[in-house]
Amino acid sequence: MIISPLEYAHDFQKVFGLTRLATTLDKAEAALETLEPETIDYCKCVIEIICKHILSERGEPYEDLKLPKLVKQALASCGFENDGIAGNLSGIVGALAEIRNRTSIAGHGQHDSQELPSQTDIRIFVSIFESVISLLWHAFNKFNIDLTLTKLRFDMIEQRLELATFNESLDLTTSIAYDQDEGRIYINGKEVRPSELLFIFDRNSYSEELKKFRISEVNSEAVEVAESA
C-alpha cells in the first residue's frame, strides 16, 4: 500500500476540520498525481495553513511571519526544544519557499523565460514537505491542549484527552432548565441562547432559519402595505 506524502497533512485536516485545508489538500493530491508544477504551490500553502492554526491553538500571533519563521514558531509553540533541528529545518523551508517563488505558476507571475520546475524538483520539494509536516504532526500531538484557547472540535478534544468518562458524568449531573416565555436555556444556572447554540453547532441550519425569517419579514411587510392601501 502506497502512503500519500500528504498523509500527515490529512491527519491535521481531521483534527482541525478546516474547509480551506481540505480544498488545498484535494488540489495538492490531484497535482501530485501527475507531478504538475502547481504541486509546489499547494504544498507550501498546506504548510502555512497548518502552522497558522497550530499557533492559533496556542493563542500566538502569526500575521507577520514569513514561512521559515512560521514553521519555527509553530514547532516552538508545541514545546519542540531542539533549536538545532528547528533552525536547520527553518532554513530548508526558506529554501523551499525560494524555489516556489522562483518557479511557481500558481503564485507569483513569472517571466516566460523562467523555467518551470522539473519533475525531479517537484519530487524533492514534496519529499522535504513530507518531513516538515511529519515533524509538525508529532510535535503537535505531544503538546498540551489549552482548553480555554483551543479551537479543536469537541469530539477531537474528547478523544485526545480521554475525556469520555468525565463528559458522561458531566452530562448526567448537569442541570438543564428551559424558560419558555423568555426563550432561554439554563445549564447549571448559566444562561444560553438557543440561537447561539444553533449557530455554534449547526451553521447550515442557522442559515436556513435566517433565510426563512427574512422571507417572512418581507411577506409581513407586503401584507401591511396591502392592508394600509
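1. Lysine 14 and aspartate 11 in helix H1. In this predicted model, lysine 14 and aspartate 11 both belong to helix H1, which covers residues 7-16. The two residues stand three positions apart, about one turn of the helix. An α-helix has 3.6 residues a turn, so residues three or four places apart point the same way. The side chains of lysine 14 and aspartate 11 meet in a salt bridge, with 4.0 Å from N to O. Lysine 14 is exposed, at a relative accessible area of 54%, whereas aspartate 11 is buried, at 16%. The pair therefore joins an exposed residue to a buried one.

2. Lysine 44 and glutamate 48 in helix H3. Which residue meets the side chain of lysine 44 in a salt bridge? The partner is glutamate 48, and the N to O distance is 2.7 Å. Both residues lie in helix H3 (residues 38-57), four residues apart, so about one helical turn separates them. Lysine 44 has a relative accessibility of 10% and counts as buried, because the limit for that class is under 20%.

3. Glutamate 208 and lysine 211 in helix H10. A salt bridge is also found between the side chains of glutamate 208 and lysine 211, at 3.7 Å from N to O. These residues are three apart in helix H10 (residues 203-228), again about one helical turn. Glutamate 208 is partly exposed, with a relative accessible area of 41%. In general, side chains of opposite charge can pair when their charged atoms come close. The count of salt bridges in the model comes to five.

4. The negative patch on helix H10. Which residues gather in a patch of negative charge on the surface? They are Glu217, Glu221, Glu224 and Glu227. Glutamate 224 has its place in helix H10. With a relative accessibility of 52%, glutamate 224 counts as exposed.

5. The nonpolar patch. Phe199, Ile200 and Phe201 make a nonpolar patch on the surface, with an area of about 340 Å². Isoleucine 200 is found in helix H9, residues 194-201. Its relative accessibility is 48%, and isoleucine 200 is therefore classed as partly exposed.

6. The buried face of helix H4. Helix H4 runs over residues 67-77, and its buried residues are Leu67, Leu70, Val71, Ala74, Leu75 and Ser77. Why can these residues be said to line one face of the helix? Seen down the axis of H4, the buried residues fall within an arc of 165 degrees, so they occupy one face. After H4 comes glycine 79, which has a positive phi, near 85 degrees.

7. Positive phi in residues other than glycine. Leucine 35 has a phi near 55 degrees, a positive value in a residue that is not glycine. Leucine 35 is located in the loop between helix H2 (19-33) and H3. Is leucine 35 buried or exposed? Leucine 35 is buried, with a relative accessible area of 14%. Asparagine 188 likewise has a positive phi without being glycine, in this case near 50 degrees. Asparagine 188 is part of the loop between strand E2 (184-187) and strand E3 (190-192).

8. Isoleucine 85 and lysine 72. Isoleucine 85 is placed in helix H5, which covers residues 83-103. The residue is partly exposed, with a relative accessible area of 42%. Isoleucine 85 and lysine 72 are 13 residues apart in sequence, and their C-alpha atoms are 9.6 Å apart in space.

9. Aspartate 155 and valine 15. Aspartate 155 has its place in helix H7 (residues 154-160). With a relative accessible area of 38%, aspartate 155 is partly exposed. How many residues along the chain lie between the positions of aspartate 155 and valine 15 when counted as a separation? The separation is 140 residues along the chain, while the C-alpha atoms are 9.3 Å apart.

10. Histidine 53 and phenylalanine 12. Histidine 53 lies in helix H3, the helix that also holds lysine 44 and glutamate 48. Histidine 53 is partly exposed, at a relative accessible area of 29%. Its C-alpha atom is separated by 9.7 Å from that of phenylalanine 12, and the two residues are 41 apart along the chain.

Terms used. Residues numbered from 1 in each chain as written. Predicted model: local features only at pLDDT ≥ 70, side-chain atom pairs only at ≥ 80, totals over all residues. Heavy atoms only, no water. Buried < 20%, exposed > 50% of the residue type's maximum accessible area, 1.4 Å probe, protein only. Arc of directions from axis to C-beta. Patch = residues over 30% accessible without salt bridge, like charges linked within 9 Å, V, L, I, M, F, W, Y side chains within 5 Å. Areas by Shrake-Rupley, 256 points an atom, 1.4 Å probe, with all protein chains shown as cover. Lys, Arg positive; Asp, Glu negative; His and termini not counted. Charge placed at Lys NZ, Arg CZ, Asp CG, Glu CD.
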